[in-house]
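Okay, thanks everyone for coming. I'd like to walk you through one structure today, so have a look at it while I talk.

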Amino acid sequence: MIYPTARAVFLIAIGAPVAAVLAAIMPNLWAIGIAWAAMLVVLLVIDGLIAAKAGNVQLAVPKTTEIGAPLELGVQAEFAGLMAPRTISGNLGVDDRLSDNGRIAFTLDRSQPKERIYSGASTTTPSRRGTGDIGKLWLRWKGPLGLAWRQTSKQSDQSVAVMPNISAVRSPTVQMFLRDSIFGLLARKFRGEGSEFEALAEYQPGMDRRSIDWKGSARHSKLLAKEYDTERNNQIVFALDCGSAMCEPIDGLPRIDRAVSAALLTAYITLKSGDQTSLFSFAAKPELSTPFLSGSRNFYRMQQDAATIDYRHQESNYTLALSALSNRLQRRSLIIIFTDFTDPTSADLMLEAAGRLIDKHLVLFVVLEDEELSEFIKKQPENAEDVARSVTAQSLLEQKKLVVTRLQHMGIDVIEGPHKHIGTRLINSYLKIKRRGAI
């Protein structure tokens, strides 16, 4: 396809007033304007015909990426013809999961001065999980005279699977923690903190005196202490609310995605520790319910399951969801619930449903701190609208604190904090529960 550049349109347009002025002076010169426009049209066509022609066009698209992480897409095109283009610009149509405006812009440059292969790359940041489809690729370049654009297009059938973000799992801090923690290579560090009897050992200064085995000490004529092993094979359930409240963004990403990242980070630890781990999601009704998995080899499978948790703009039904979860569990489990509550009515229903769970299970709530509300309160008001916004934000935070207090009075631990720190706090709470042998 060939069409005029801005330069060609300007040159053709400027011929009209010049021809009008000349015709006013000498009427016989009125045909100069038509001749000027016709000459430019002919040059435009020639410019487009002699421009380089696109040959093989290839699009490099990764199979998977993570939400919130940079995604690089590459384009390589081979051109034939006498006049090689200087630069090539392009646009790629993509799913709105990959780009908010539905397109990604490219600039292609020559790889080697003497070659006819042009390549370029562009980076985007996926904003939603799911399958992001790649659409049509458009490339265009100017002819040697700069009067004509030449354009080509290529339809792509590729797609990118946008997975939950697990960058925290790969961080050096977490890897060092796993290497040196109680879940590391030194099995002896499991002892003294669990609930299962492991062995008798000679009492050493600093050991808990309550661990002394008096009968065994009397038999062996020396002071012996009991060593315990941390209990494994516990059931850990990550229950994620994917209703409308959890679809609101925090720092550019929906709350549910922040929750999924924190859940997967902790799930990596629970799988490493030998506990059975499951994912459960709900909105107006129960959505995802995975089988219990154990062993770090199943972490990728859990990440794939988490990628299927959809965004539901519905009111969450805590009564139905937590009742279904309770019926599914046959033994005492640690249930970690990721949710957000702003409506007092739904919060009362949530408290009632959680109260039925704690009779048999250990329940832990995780609530993401609303940084936007905190900013409204801290901001110096400049007009009446700012005052009203600050008062409303303060009221919402007080309602949330009231619900958190009621949960704590019921004996349920609540973890609340910024999304950047919530994963670390959750891991610490899980380890404390393991040390107490409370599951």
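I'll go through a sheet, the helices that pack on it, and then some helix pairs. One thing up front: this is a predicted model.

Let's start with the sheet. There are six strands in it, and the sheet is open, with mixed pairing. If you read across, the order goes β17-β16-β13-β18-β19-β20. The edge positions belong to β17, residues 286–289, and β20, residues 413–417. Each of those has a single partner strand, so one side of each has no neighbour in the sheet. Going from one strand to the next, the twist averages 20 degrees.

Now zoom in on one pairing. Strands β18, residues 333–338, and β19, residues 362–368, run parallel, and five bridges join them. To give you something to click on, isoleucine 335 has valine 363 in β19 as its bridge partner.

So what packs on this sheet? One helix that does is α8, residues 318–328. Helix α8 touches β13, β16, β17 and β18, and its direction makes about 155 degrees with that of β16. Then there's α11, residues 384–409, which also packs on the sheet. The strands α11 touches are β19 and β20, and the angle between the directions of α11 and β20 is about 150 degrees. Keep α11 in mind, please.

Next, the helix pairs. In general, two packed helices are described by the angle between their axes and the distance between the axes, and that's how I'll go through them.

First up, α6 and α7. Helix α6 covers residues 255–272 and α7 covers residues 299–307; they pack at about 160 degrees, with axes 10 Å apart. That angle makes the two roughly antiparallel. The crossing of α6 and α7 is right-handed. On the α6 side the contact uses Val260, Leu264, Ala267, Tyr268 and Leu271, and on the α7 side Phe299, Met302, Gln303 and Ala306. By class, that's eight nonpolar residues, one polar and no charged.

Two of those residues deserve a closer look. The structure holds six aromatic pairs, and tyrosine 268 with phenylalanine 299 is an edge-to-face one, at 5.1 Å centre to centre with 70 degrees between the planes. Tyrosine 268 sits in α6 and phenylalanine 299 in α7, so this pair ties together parts that are 31 residues apart in sequence.

Back to α11, then. Which way does α10 lie against α11: roughly parallel or oblique? Helix α10, residues 371–378, packs against α11 at about 135 degrees, with the axes 8 Å apart, and the two are therefore oblique. Their crossing is left-handed. From α10 you've got Leu373, Ser374, Phe376 and Ile377, meeting Arg389, Ser390, Ala393, Gln394, Leu396 and Leu397 of α11. Sorted by class, that contact has six nonpolar, three polar and one charged residues.

And α9? That's residues 344–357, and α9 packs with α11 at an angle of about 10 degrees, with their axes 11 Å apart. So α9 and α11 are roughly parallel to each other. Here Pro344, Ala347, Asp348, Met350 and Leu351 of α9 meet Gln399, Val403, Arg406 and Leu407 of α11. That contact divides into six nonpolar residues, one polar and two charged.

To pull the α11 part together: α11 packs on the sheet at β19 and β20, lies oblique to α10 and runs roughly parallel to α9. Okay, that's me done, happy to take questions.

Terms used. Residues numbered from 1 in each chain as written. Predicted model: local features only at pLDDT ≥ 70, side-chain atom pairs only at ≥ 80, totals over all residues. Heavy atoms only, no water. Pairing = 2+ DSSP bridges. Helix = DSSP H or I, 4+ residues; strand = E, 2+ residues; numbered from the N terminus. Axes fitted to C-alpha atoms, helices over the stretch in contact; angles between N-to-C directions. Contact = heavy atoms within 4.5 Å. Parallel < 35°, antiparallel > 145°, perpendicular 65-115°, else oblique. Left-handed = near helix turned anticlockwise from the far one by under 90°. Nonpolar A, V, L, I, M, F, W, Y, C, P; charged D, E, K, R; others polar. Phe/Tyr/Trp six-rings, centres within 6.5 Å; stacked < 30°, edge-to-face > 60°.
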